[in-house]
Amino acid sequence: MRITNRGAIAMRLLAGAAFVFAASAANAQTAPAQPADQAQASDSRDDDIIVTAQKRAENVQDVPQAVQVVSGAQLEARGIRDFTDLTKVAPSLIVRPSDQPVNASISIRGIGTFAFSIGVEPSVAVQVDDVPVTFQARAFADLSDVERIEVLRGPQSTLYGKSASAGLINIVTLAPTKEWTGKVNALATTDREYTIGGTIAGPLSDTLGVRVSVNHDDFRGNVHNLFNDEWVNGRRFTSAKGKLVWDPVSNVTATVGLNYIDGSTSFGRPYIRGFGATAYLRGNVAQPLSVYAPGVVVGPENQDISNNAPAGTNYNGFGQSLKLEVDVGGPTLVSVTSHDRYTLDDFLDQDDTSVTTPDNRQGGRFKSRAWTQEVRLVSPSDQPFRYTLGAYYADVTYSRRFTRGPAFSQANWYGTSGSTQAAAFGQLDWEFLTDTTATGGLRYQHEKVNYTFLDYQNGNAFFSGNATDDFVTYRLGLQHKFTEDVMLYGSYSTGHKGQTYDLTTGFNAQRASGGPVQPETSRSWEAGLRTQFLDHRLTMNLTAFTANYRNFQAQGIETFPDGTVNYRLANVGTIRSRGVEFELAGRVGEDLRLGGSAAYLDARITSFPFAQCWPGQTAAQGCTGSPTFQNLAGARPAQSPEWKLAANLDYSPTLGSLPFKGLFQAAYSYQSAMNFSLSQDPETIHKAFGIMNLAIGIRSPDGKYEVAAFVNNAFDVQYYANLINSRGTYNNVQATQAQLPRDFRRYAGLRASFSF
């Protein structure tokens, strides 16, 4: 196996962690106590699932909102190692990658962010160990050493702020253990992916616990560049995570969290449709397909490209957090402080060919830096009157250096975007009748946003500005427990996505005079039934919802007071999203576990009168006016399939007198047709597809080791992570490119883990 420099770093970090283990284990007698927010739920049954969706530890079946939980073991069993793969396990969730990380998007219930500006916030927030991920590209990374992932659907702005108007993905990593433990895991695949990782955890003293995890992944890619005979569309990274948990006195717990990642990606977009005899590059009849992409055979299964310039990213990030929990005689005072910095260099062969004329390239650098501080007071969870009261502050800055050219679509600019946020929030839960609880939540937030934009390409034109916003979001709910295992709830919640400036190529005086794009708001009704039967061996949950999003932020056409128009990020209309979600989990004996989920989504654009036309759209197809536009009222939003289904099985039978158990795992996901483009471009419609992952192996009865052979995409179903209409580059004839997912082709592998 090839060991890279980053692989060597991983080995050294793991060796260092092992040294700490060897030096400290002999003197350690007891582990530090559980953190306060976890200890509140310590009396739960072993098979209960504890979550912190409402910023307190609760059984997920008692939480009156739509929450799906995926454990770290389930991620491994279903072949989920990358953030984008979460699409396959969560109903109503779509994660779409992109060559430009800022253009990647997360959608829940058909609502996501479809814009290019560096200052645009996501509609779905991501949080790791109580720390918000302010730059969404930072989330598209490693999922190693994860305890669980909670997917909260619907507006979460009251407890989680302005970037959670459509939902939240809450990632919780593993904590130090009471006794010294370790784990080593490795994976190798038939298409040349190699992963190695390890963890050391345990008590350094009676009051101090530690956990260190290191992971290295190297995947060559699944797109072949014929120009240089190299493979692209791969990744390589090394990540390290650390936690120190200190209990200096009985009522105080301090948790220090550290995370580091350093990696790179490569990128290629194969031609899958069109590119006929007249698909000349930039209209030049001397450059047909055989010239700009020699050897490439266009087709839905194509994995070849011919690019003379590299495409991909290099990135690194380092984050630190400090969580203090103090039991003040019943309630717990919690303080979470965090700092994060992230740098990403991106580069792209923008003409996607191997010709030297034109040879257009683009690239630049993203930088983000964030400071956050949250303080909250959390009452005990076993009282009839419960509360969470808090305050939040954040200072976030982004910068973007971007160049493109020299042949066409030239650009050369530097922009910055910043925001400061200050908020007070609270949620009260009152069991005013036996087993009947009313919930009320409120958030007030003040925000200031600012920007600068220096356009080197256009005479060093400089623009700057700022704006403030004050808003209130709230949540009301009522729940009743008919029995200990049957609960019905209803809720009404509002969401808010903050104002922003459209900082993209083409920013000019007109955009500056238009001021910031106004906030996007949401209002959502939700009702749910939470049930468990057969001594908690069977769980069935049902949720129905309807939501309206006003002032939806997306690319559109804006008319200025002087009558001129411009394509820009704007408040373009309203969207209605409604549907039903169902989740099932069952345990048959001690050896067989089953799970499944389904989501039906009826999402519609109710108002979008001046939407961009898709490339090649005609007047007969609804593209009219000057400049041209279309009316999208009645259309489905992007990334909103009508149906999503997922099912999984984990069977581990005893094999007679053998010292190990068998292992069989299966995971299936299905998604109906959807459009990747908000404009309803027929070239970016993806047909329905289903993916099956299988694994077979052995595991020890005590869980100390596991070895499994697996096949991902067992039926070799070709599907796409993204579709791009490129006809504008190829003589305005059909020309469709695709971004291939990791499992575009069936592949097999072997994974193994050993715990001690």
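Entry 1, strand β28. I looked up the two faces of strand β28 (residues 538-550) in this predicted model. I noted Thr539, Asn541, Thr543, Phe545, Ala547 and Tyr549 on the covered face. On the uncovered face I listed Leu538, Met540, Leu542, Ala544, Thr546, Asn548 and Arg550. In a regular strand, side chains alternate between the two faces of the sheet.

Entry 2, neighbours of β28. I found that β28 pairs with strand β27 (residues 520-533) in the antiparallel sense, over 13 bridges. Leucine 538 in β28 is the bridge partner of phenylalanine 533. Four residues lie between the strands in this hairpin, where leucine 534 takes a positive phi near 55°. I then recorded antiparallel pairing of β28 with strand β31 (residues 574-588), over twelve bridges. Threonine 543 stands opposite glutamate 581 of β31.

Entry 3, charges over rings. I returned to phenylalanine 545, which is on the covered face of β28. The charged end of arginine 109 sits over the ring of phenylalanine 545, 3.8 Å from the ring centre. I also noted arginine 282 over the face of phenylalanine 408, at 3.8 Å from the ring centre.

Entry 4, aromatic pairs. How many aromatic pairs does the structure hold? I recorded 25. One of them, phenylalanine 689 with tyrosine 719, is stacked, with 4.5 Å centre to centre and 15° between the planes. Phenylalanine 689 belongs to strand β37 (residues 689-699) and tyrosine 719 to the loop between β38 (705-712) and β39 (722-725), so the pair ties together parts 30 residues apart in sequence. Both phenylalanine 689 and tyrosine 719 are buried.

Entry 5, aromatic cluster. I listed Phe402, Trp413, Tyr451, Phe453, Phe463, Tyr501 and Phe507 as one aromatic cluster.

Terms used:
Residues numbered from 1 in each chain as written. Predicted model: local features only at pLDDT ≥ 70, side-chain atom pairs only at ≥ 80, totals over all residues. Heavy atoms only, no water. Phe/Tyr/Trp six-rings, centres within 6.5 Å; stacked < 30°, edge-to-face > 60°. Buried < 20%, exposed > 50% of the residue type's maximum accessible area, 1.4 Å probe, protein only. Lys NZ or Arg CZ within 6 Å of the ring centre and 35° of its normal. Pairing = 2+ DSSP bridges.
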